[in-house]
Amino acid sequence: MICVLTQRIPAYREKCFAVQDYSTATENMLLAIVELGFGDYDSDGQPDFTIGPYLSSSNSLYQFYTLTANDSFAVLPFQEGSPMAASKDFSIKPEMRQGLLILPVWDSEKGAAVEIRYNWDGEAFARTGP
């Protein structure tokens with residue numbers, strides 16, 4: 001359920017655009033929710049998702065979050081800090097292969113994306129691949 005609380009604030013000559021502003025904000029929230037890359041990346045049975053800002057022309061920096069058993073959100077840490085991925089999307093759904101989290105990262109020297117692999121060690125994601 002989304003509940004939007006509004007406040008009437010005149011913007012210009014006693015005109016108020018709260019309905020348009022809040023309806024657009026609600027639409028943006030719903031679009032973002034649909035686009036979240038949900039998965040179970042730490043194999044705990046709880047939903048995890050990613051959110052990340054655009055970093056460069058070929059990579060974004062992502063933060064991984066989990067919904068905990070007591071219905072709150074927590075960051076899923078990486079030993080080397082937040083990982084990059086070759087994407088410009090707000091959220092990604094990384095590939096899981098043989099229990100490893102696979103993130104494609106653009107390598108400018110090679111002119112191609114390379115796979116970076118991470119393993120969940122119970123406390124944080126640790127890089128296991130190139």
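Is methionine 84 buried, partly exposed or exposed? Methionine 84 turns out to be partly exposed, because its relative accessible area is 33%, and buried would mean under 20% while exposed would mean over 50%. Keep in mind as you look around that this is a predicted model.

**On the surface**

You can find methionine 84 in strand E5, which covers residues 84-85. Together with Leu55 and Leu61, Met84 makes a nonpolar surface patch of about 220 Å².

**Into the core**

Now let us go inside. In soluble globular proteins, nonpolar side chains tend to be buried together. The largest nonpolar core here has 13 residues, and those that touch the most other members are Phe64, Phe78, Leu101, Leu103, Tyr118 and Phe125. Strand E7 (100-107) and strand E8 (112-120) each supply at least two residues of this core. The top contributor is E7, with three residues.

Phenylalanine 64 is a good place to pause. Setting aside neighbours within four places in sequence, its contacts include Tyr41, Phe49, Val75, Phe78, Pro94, Leu101 and Leu103.

**Rings that meet**

A pair of aromatic rings is described by the distance of the centres and the angle of the planes. The whole structure holds nine aromatic pairs. One of them joins phenylalanine 64 and phenylalanine 78: the centres are 5.0 Å apart, the planes are at 55 degrees, and the pair is tilted. Phenylalanine 64 sits in strand E3 (residues 63-67), whereas phenylalanine 78 is in the loop between strand E4 (73-76) and E5, so that this pair links distant parts of the chain, 14 residues apart. Both phenylalanine 64 and phenylalanine 78 are buried.

Phenylalanine 78 has another ring partner, tyrosine 118, again at 5.0 Å centre to centre but with 85 degrees between the planes, which makes this pair edge-to-face. Why does this pair tie together parts that are 40 residues apart in sequence? Because phenylalanine 78 lies in the loop between E4 and E5, while tyrosine 118 belongs to strand E8. Tyrosine 118 is buried, just as phenylalanine 78 is. Step back a little and you will see one aromatic cluster formed by Tyr41, Phe64, Phe78, Tyr118, Trp120 and Phe125.

**Charged partners**

How many salt bridges does the model contain? The count comes to three, and here they are with the distance between their closest N and O atoms.

| Acidic residue | Basic residue | Closest N and O atoms |
|---|---|---|
| Glutamate 80 | Arginine 127 | 3.9 Å |
| Glutamate 95 | Arginine 97 | 2.9 Å |
| Glutamate 115 | Arginine 97 | 2.9 Å |

Take glutamate 80 and arginine 127 to begin with. Glutamate 80 is in the loop between E4 and E5 and arginine 127 is in strand E9 (residues 125-127), so this pair links distant parts of the chain, 47 residues apart. Glutamate 80 counts as exposed because its relative accessibility is 56%, whereas arginine 127, at 37%, counts as partly exposed.

Next, follow arginine 97, which is partly exposed at 30% relative accessibility. Glutamate 115 in strand E8 and arginine 97 in strand E6 (residues 95-97) are 18 residues apart, and their pair links distant parts of the chain. Glutamate 115 is partly exposed at 34% relative accessibility, and glutamate 95 is partly exposed with a relative accessible area of 40%. Glu95, Arg97 and Glu115 are linked in a network of salt bridges.

Technical notes. Residues numbered from 1 in each chain as written. Predicted model: local features only at pLDDT ≥ 70, side-chain atom pairs only at ≥ 80, totals over all residues. Heavy atoms only, no water. Patch = residues over 30% accessible without salt bridge, like charges linked within 9 Å, V, L, I, M, F, W, Y side chains within 5 Å. Areas by Shrake-Rupley, 256 points an atom, 1.4 Å probe, with all protein chains shown as cover. Salt bridge = Lys/Arg side-chain N within 4 Å of Asp/Glu carboxyl O. Helix = DSSP H or I, 4+ residues; strand = E, 2+ residues; numbered from the N terminus. Buried < 20%, exposed > 50% of the residue type's maximum accessible area, 1.4 Å probe, protein only. Core = buried A, V, L, I, M, F, W, Y, C linked by side-chain atoms within 4.5 Å. Contact = heavy atoms within 4.5 Å. Phe/Tyr/Trp six-rings, centres within 6.5 Å; stacked < 30°, edge-to-face > 60°.
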